[in-house]
Amino acid sequence: MASAAVNCCCFSLQSKLKTLSLQNNFNSSSYALNPNSSLCFSNNLSHNLFCKGNLSFSTMKQKPNHRAVVVCEVAPKKKADSAAKRARQAEKRRIYNQAKKSEVKTRMKKVLEALDVLRKKADAEAEEIFSVEKLIAEAYSVIDKAVKVGTLHRNTGARRKSRLARRKKTVEIHHGWYAPAPAENAA
């Protein structure tokens, strides 16, 4: 058998599909197949020729009153299935997104713990909030990056940033560092 990348076989169809003959390039013999049976290949033809690749048929146009010729090509197997590639890509994205979400949760946890410590502290100074604000800025940055790359939905990112800001405001109100303005009644 030849070691070419693409092997070629030609089918000759006579009028009204009464006979079907196979011409093989390798041994140039022809085989007659039963037209009533499904399309199959003779036992004399090497099965390895067709099982190692993809089988494709194409019709060649010829002059009128001539028999039609169908060309059959056996090519090597295709590359990896696209579903398998999608599965590999999805696994990469899952691991990447998992790491981003974990980082967001870790940053939020650090901010919330720092705010809890500051709230429980009886003799807290107003300047101590600056270290917490730095942690909040880092958490905002991580959340914004996660939203930017599509790991988090933008509403989820906004909700998490809002949660941090509200918690900071409650600590400031608790210690008296922030006094909310009284709401004006609309007449």
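This section describes a positive surface patch and the surroundings of selected helix residues in a predicted model.

The positive patch on the surface comprises five residues by name: Lys 85, Arg 86, Arg 88, Lys 92 and Arg 93. Of these, Lys 85 lies in helix H2, which spans residues 82-120. The relative accessible area of Lys 85 is 45%, and this residue is therefore classed as partly exposed, since that class lies between the 20% limit for buried and the 50% limit for exposed residues.

Helix H2 also contains Thr 106. Thr 106 has a relative accessibility of 39% and is likewise partly exposed. In sequence, Thr 106 is separated from Ala 139 by 33 residues; in space, the C-alpha atoms of Thr 106 and Ala 139 are 8.8 Å apart.

Ile 129 belongs to helix H3, which covers residues 129-149. With a relative accessible area of 4%, Ile 129 is buried, because residues under 20% are assigned to that class. Beyond neighbours within four places in sequence, the contacts of Ile 129 are Leu 115, Leu 118, Lys 168, Glu 172 and Trp 177. One of these partners, Leu 115, is 14 residues from Ile 129 along the chain, and the C-alpha atoms of Ile 129 and Leu 115 are separated by 8.4 Å.

In terms of accessibility, Lys 85 and Thr 106 are thus partly exposed, whereas Ile 129 is buried.

How values were computed
Residues are numbered from 1 along each chain as its sequence is written. This is a predicted model: local features need pLDDT of at least 70, side-chain atom pairs count only at pLDDT 80 or more; totals for chains, interfaces and linings use all residues. Side-chain values use heavy atoms; hydrogens and water are left out. Patches are made of residues with over 30% relative accessible area and no salt bridge: like charges are joined within 9 Å, nonpolar side chains (Val, Leu, Ile, Met, Phe, Trp, Tyr) within 5 Å. Accessible areas come from the Shrake-Rupley method with a 1.4 Å probe; for residues, only the protein chains shown count as cover. A salt bridge is a side-chain nitrogen of Lys or Arg within 4 Å of a carboxyl oxygen of Asp or Glu. Lys and Arg count as positive and Asp and Glu as negative; His and the chain ends are not counted. The place of a charge is taken as NZ of Lys, CZ of Arg, CG of Asp or CD of Glu. Helices (H or I, at least four residues) and strands (E, at least two) are DSSP runs, numbered from the N terminus. Buried means under 20% relative accessible area, exposed over 50%, partly exposed in between (1.4 Å probe, protein chains only). Contact means heavy atoms within 4.5 Å.
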